[in-house]
Amino acid sequence: MNTRIGVTLRLTVILAVILTPATISTITVPAYAAEIAADVTPGSSTKTTDAFSPNPIEANVGDTVTWTNRDSVPHTVTSGISPQPDGRFDSSPNFNPLLAPGATFSHTFTEAGEYPYFCALHPSAVGTVIVTAGGNQTAGGNQTAGGNQTAGGG
Ligand SMILES: [Cu+2]
């Protein structure tokens, strides 16, 4: 009898913790995900860290980055430390399809971290996406407190 009551109380406490508004706002972070535009810049075939713009691209977990090829020749957006793809994202696996002039490539970042990438056709063209777990920033609630914003940097 006592054990059963104890279990019931414990479940109630657990449910109360799970259903608190703070927890819910953390879970729904992807609902505030942003769309971030980036460019493969004109003339990027002969560029290095200025081949992609902005560089670095700063995003929050859940955000989607869309690259547009603003150059007149094809390129790729390939994750990894140039020239070695790491398979995390790639506009052009095995160079197919190449990112033609005017074409776009999108990737949604679901984990915090630094994501180096490059053009597989022009390995000197490199960029970085920095993804932070700063989802609460957009939700607004914690923005004034500032705590989560700073913590997101690491
Ligand atoms: Cu290229």
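**Exercise 1. Place Ala37 in the fold and decide whether it is buried or exposed.**

Start with the element: Ala37 sits in strand 1. This is a predicted model, so the next steps work from predicted coordinates.

Next, look across to the partner. Strand 1 (residues 35–40) runs parallel to strand 4 (residues 64–69), and six bridges join the two. Within strand 4, Thr66 is the bridge partner of Ala37. For a sense of the sequence gap being spanned, take Thr64: 27 residues separate it from Ala37 in sequence, while their C-alpha atoms are 8.6 Å apart.

Now count neighbours. Ala37 has 12 C-beta neighbours inside 10 Å, so it counts as exposed. The cut-off for exposed is 12 or fewer.

**Exercise 2. Work out which strands stand at the edges of the open four-stranded sheet.**

Write down the order first: 2-1-4-7, with mixed pairing. Then check the two ends. Strand 2 (52–53) and strand 7 (104–108) each have a single partner strand, so each has one side without a neighbour in the sheet.

Zooming out, the protein chain has four helices and nine strands. Read from the N terminus, the elements go α-α-β-β-β-β-β-β-β-β-β-α-α.

**Exercise 3. Find the residues that touch the most other members of the largest nonpolar core, and say which elements supply it.**

The core has 21 residues, and the ones touching the most other members are Ala51, Ala59, Val65, Trp67, Phe118, Ala125 and Val129. Two or more residues come from each of strand 1, strand 3 (57–60), strand 4, strand 8 (113–118) and strand 9 (126–132).

Pick Ala125 and follow its contacts, skipping neighbours within four places in sequence: you get Ser44, Lys47, Thr48, Ala51, Phe52, Phe118 and Cys119. Ala51 and Phe118 also appear among the core residues named above.

Then put the core in context. Of the 154 residues in the protein chain, 25% count as buried. Among contacts with a separation of 6 or more, 65% link residues 24 or more positions apart.

**Exercise 4. Collect the unusual backbone geometry in the loops.**

Keep the usual picture in mind: most peptide bonds are trans, and most residues other than glycine have a negative phi.

Take the peptide bonds first. Ser53 to Pro54 is cis, with omega near -5°, and Pro54 lies in the loop between strand 2 and strand 3. Ser82 to Pro83 is cis too, with omega near 5°; here the loop runs between strand 5 (78–81) and strand 6 (84–90).

Now phi. Asn94 has a positive value of about 55° without being a glycine, and Phe95 has one near 65°. Asn94 lies in the loop between strand 6 and strand 7, and so does Phe95.

Finally, how do their surroundings compare with the cut-offs? Asn94 has 8 other C-beta atoms within 10 Å and is therefore exposed. Phe95 has 13 C-beta neighbours inside 10 Å, so it is partly exposed.

**Exercise 5. Decide which stretches to handle with care.**

Begin with the overall score: the protein chain averages a pLDDT of 80, and 67% of the residues score at least 70. Then look for the dips. Residues 11–29 have a pLDDT below 50, with eight contacts in the model beyond near neighbours in sequence. Residues 136–154 are also below 50, with 24 such contacts.

The last step is the reading rule: where pLDDT is low, predicted coordinates should not be read in detail.

Notes:
Residues are numbered from 1 along each chain as its sequence is written. This is a predicted model: local features need pLDDT of at least 70, side-chain atom pairs count only at pLDDT 80 or more; totals for chains, interfaces and linings use all residues. Two strands pair if DSSP finds at least two bridges between them. A residue is buried if 20 or more other C-beta atoms lie within 10 Å of its own, exposed if 12 or fewer, and partly exposed in between; C-beta atoms are placed from the backbone. Two residues are in contact if their C-beta atoms, placed from the backbone, lie within 7 Å. pLDDT is the predictor's confidence in each residue, from 0 to 100. A nonpolar core is a set of buried Ala, Val, Leu, Ile, Met, Phe, Trp, Tyr and Cys residues joined through C-beta atoms within 7 Å.
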